[in-house]
Amino acid sequence: MLVLNGEQDASKKALRATWKHRNTNTNLLGNHIDIVTGAWQAIGAGIGGNVDSFYEYLLKGAVMFGDNELYQLWKTAYAAVMKYIHKSPWYIEVNMANGEASANNFEVCSSNCFCRCCCTVVRY
């Protein structure tokens, strides 16, 4: 939609700013970021609500626009998900700073379903 409105540059700027605030040791994102300060308000990393769209739009943008930058970000982000968050057959919530399991491990969100769908689009 942003491309159709001529706002792709603004979208990528927001995406890059979010990625810049990831934990660089784990490449994980928290669940909620303060857009004014850039501080994470929720440091639980998962693939559920509040963060699922980030991963989803990286992949969809890469496929839809043939955007290699988005694809490379997707690969890096997905590798972190598989390393820290995927505990077969589940995807759990972890601390974004160290990848250690959080207390909310067994709260399954319907948004977690997107990951398997994305994997059918791109074989990692």
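Start by selecting Ala80: leaving aside neighbours within four places in sequence, Ala80 is in contact (heavy atoms within 4.5 Å) with Thr26, Asn27, Leu28 and Ile85. Before you click further, note that this is a predicted model, where local features need pLDDT of at least 70, side-chain atom pairs count only at pLDDT 80 or more, and totals for chains, interfaces and linings use all residues. Residues are numbered from 1 along each chain as its sequence is written, and side-chain values use heavy atoms, with hydrogens and water left out.

Back to Ala80, which sits in helix H3. Helices (H or I, at least four residues) and strands (E, at least two) are DSSP runs, numbered from the N terminus. Draw a C-alpha to C-alpha distance from Ala80 to Leu28: 6.4 Å in space, with their positions 52 residues apart in sequence. Ala80 counts as buried because its relative accessibility is 4%; the scheme is under 20% relative accessible area for buried, over 50% for exposed, and partly exposed in between, using a 1.4 Å probe and protein chains only.

Stay in H3 and select Trp74 and Tyr78. They are four residues apart in this helix (residues 68–85), so about one helical turn separates them. Trp74 is buried at 2% relative accessible area, and Tyr78 is buried too, at 6%.

Now for the rings. A pair of aromatic rings is described by the distance of the centres and the angle of the planes. Here, rings of Phe, Tyr and Trp (its six-membered ring) pair if their centres lie within 6.5 Å; planes under 30 degrees apart are stacked, over 60 edge-to-face, and the rest tilted. How many aromatic pairs does a search of the whole structure find? Three.

Select Trp19 and Phe54 for a stacked one, with 6.3 Å centre to centre and 5 degrees between the planes. This pair links distant parts of the chain: Trp19 belongs to helix H1 (residues 8–20) and Phe54 to helix H2 (residues 52–65), 35 residues apart. Both Trp19 and Phe54 are buried. Trp74 and Tyr78 are stacked as well, because their ring centres are 4.9 Å apart and their planes meet at 20 degrees. Add Tyr55 to your selection: ring pairs link Trp19, Phe54 and Tyr55 into a cluster.

Next stop, Asn31, in the loop between H1 and strand E1 (32–33). Is Asn31 buried or exposed? Buried, because its relative accessibility is 13%. Its side chain reaches the backbone oxygen of Gly44 at 2.6 Å. Not counting residues up to four places away in sequence, Asn31 touches several residues, including Trp40, Ala45, Asn50 and Glu93.

Switch on a pocket view. The second largest pocket (an open set of points on a 1 Å grid over the protein atoms alone where a 1.4 Å probe fits, with protein on both sides within 12 Å along at least five of seven lines) has a volume of about 270 Å³. Its lining, residues with an atom within 4 Å of a point, runs to 18 residues, of which Ala14, Thr18, Ile33, Ile35 and Trp40 lie nearest the centre. H1 and E1 are the elements that give two or more residues to this lining, and H1 gives the most, with three.

Finish at Ala103, in the loop between strand E6 (94–95) and helix H4 (114–121). Ala103 is exposed, with a relative accessible area of 82%. The C-alpha atoms of Ala103 and Glu93 are separated by 8.1 Å, ten residues apart along the chain.

Methods
A polar contact is a pair of N or O atoms within 3.5 Å; within protein, one must be able to donate a hydrogen and the other to accept it, and residues adjacent in sequence count only if both atoms are side-chain atoms. Grid points are joined across faces, edges and corners, and a volume is the space filled by probe spheres set on the points.
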